[in-house]
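Let's take a walk through a protein with a ligand in place. Have the viewer open as you read, and rotate the view whenever a residue comes up.

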Amino acid sequence: MSILSETDKQIILDSIRDIPDFPKPGIIFKDITTLLSNPKALNTLMSHLEERYKSYDLDYIAGIDARGFIFGSILADRLGLGFVTIRKKGKLPYTTVAEKYSLEYGFDEVEVHIDAFGDTKDARVLLIDDLIATGGTATAAASLINKVGAVCVEACFVMELDFLNGKKTIDAPVYSVLHID
Ligand code: AMP
């Protein structure tokens, strides 16, 4: 099990930029583009995740549209695993399974290809995204993984907004690299 030092945590945290009032007033948007363009911070993060998950006996990494694709595919390549996309509705070309979740006003929907995890029975899948806020997106994504016959072994986030307690509805253990209060 890999423990991230306080220094390394700070390197990652310092590379993420806060954008107040985006996309609407009152939201502090956590901008990870500055983490992606900082090779030292990105390498620190990805090496930590590689170290943590190399012993999990995973079959696939599944990333959430769109920032989860970036961290998820780097990690999948480092671990020699396949990568699966969980996308917003209407983007995947083949037969899909969908899951709705509620937003502040209305609903959104995520989808995965019905055969995304191939023929692997009970495929062990790590779900990954950049940030967990209310947890609605990740809860729906974890449920999709289970719906197509795989197992969501853990849900992993670069950041967790602790005050929203979003992890409570996810049907899997949750690991967040950074906790924001
Ligand atoms: P939620 O379903 O509320 O947990 O929202 C999670 C999704 O919305 C993730 O894909 C995040 O990338 C995005 N998100 C929510 N809040 C923020 C925020 N404050 N900064 C950056 N991304 C956010």
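What follows begins at the ligand, widens to the pocket around it, and ends with some backbone details in the loops.

One thing to keep in mind from the start is that this is a predicted model. With that said, find the ligand. It has 13 residues around it, and those that come nearest are Arg-67, Asp-130, Thr-134, Gly-135 and Thr-137.

Now look at the polar atoms. Two side chains deserve a close-up: a polar side-chain atom of Arg-67 is 2.6 Å from an oxygen atom of the ligand, and an N or O atom in the side chain of Asp-130 lies 2.7 Å from a ligand oxygen. The backbone takes part as well, with a polar backbone atom of Gly-136 at 3.4 Å from an oxygen atom of the ligand. How much of the ligand does the protein bury? Taken alone, the ligand exposes 480 Å², and the protein buries 82% of that.

Next, colour the model by secondary structure. The elements that give two or more residues to the shell around the ligand are β2 (28-31), β7 (124-132) and α5 (136-147). Of these, β7 gives the most, with 4 residues. In chemical terms the shell is a mixture: 5 of its residues are nonpolar, 4 are polar and 4 are charged.

Zoom out a little, and the setting comes into view. The ligand sits in the largest pocket, which holds about 1,200 Å³ of space. This pocket is lined by 34 residues, and the closest to its centre are Ile-27, Leu-131, Ala-133, Thr-134 and Thr-137. Thr-134 and Thr-137 are also among the residues that come nearest to the ligand.

Which elements build the lining? At least two residues each come from β2, β5 (96-102), β7, α5 and β8 (151-161). Here β7 supplies the largest share, 4 residues. By class, the lining has 17 nonpolar, 6 polar and 11 charged residues.

Finally, let's turn to the backbone, where a few torsions may catch your eye. The peptide bond from Phe-22 to Pro-23 is cis, with omega near 0°. You will find Pro-23 in the loop between β1 (17-20) and β2. Another cis peptide bond, again with omega near 0°, runs from Asp-65 to Ala-66. Ala-66 belongs to the loop between β3 (60-64) and α4 (67-79). Arg-67, met earlier for its polar side-chain atom 2.6 Å from a ligand oxygen, falls within the range of α4 (67-79).

The last stop is Asp-57, a residue other than glycine with a positive phi, near 55°. Asp-57 is placed in the loop between α3 (39-53) and β3.

Technical notes:
Residues numbered from 1 in each chain as written. Predicted model: local features only at pLDDT ≥ 70, side-chain atom pairs only at ≥ 80, totals over all residues. Heavy atoms only, no water. Near = heavy atom within 4 Å. Polar contact = N/O pair within 3.5 Å; in protein donor to acceptor, adjacent residues only side chain to side chain. Areas by Shrake-Rupley, 256 points an atom, 1.4 Å probe, with all protein chains shown as cover. 1 Å grid on protein atoms, 1.4 Å probe; cavity = no way out; pocket = protein on both sides within 12 Å on 5 of 7 lines; lining within 4 Å. Sits in = over half its atoms within 2 Å of the grid points. Nonpolar A, V, L, I, M, F, W, Y, C, P; charged D, E, K, R; others polar. Points joined across faces, edges and corners; volume = space filled by probe spheres on them.
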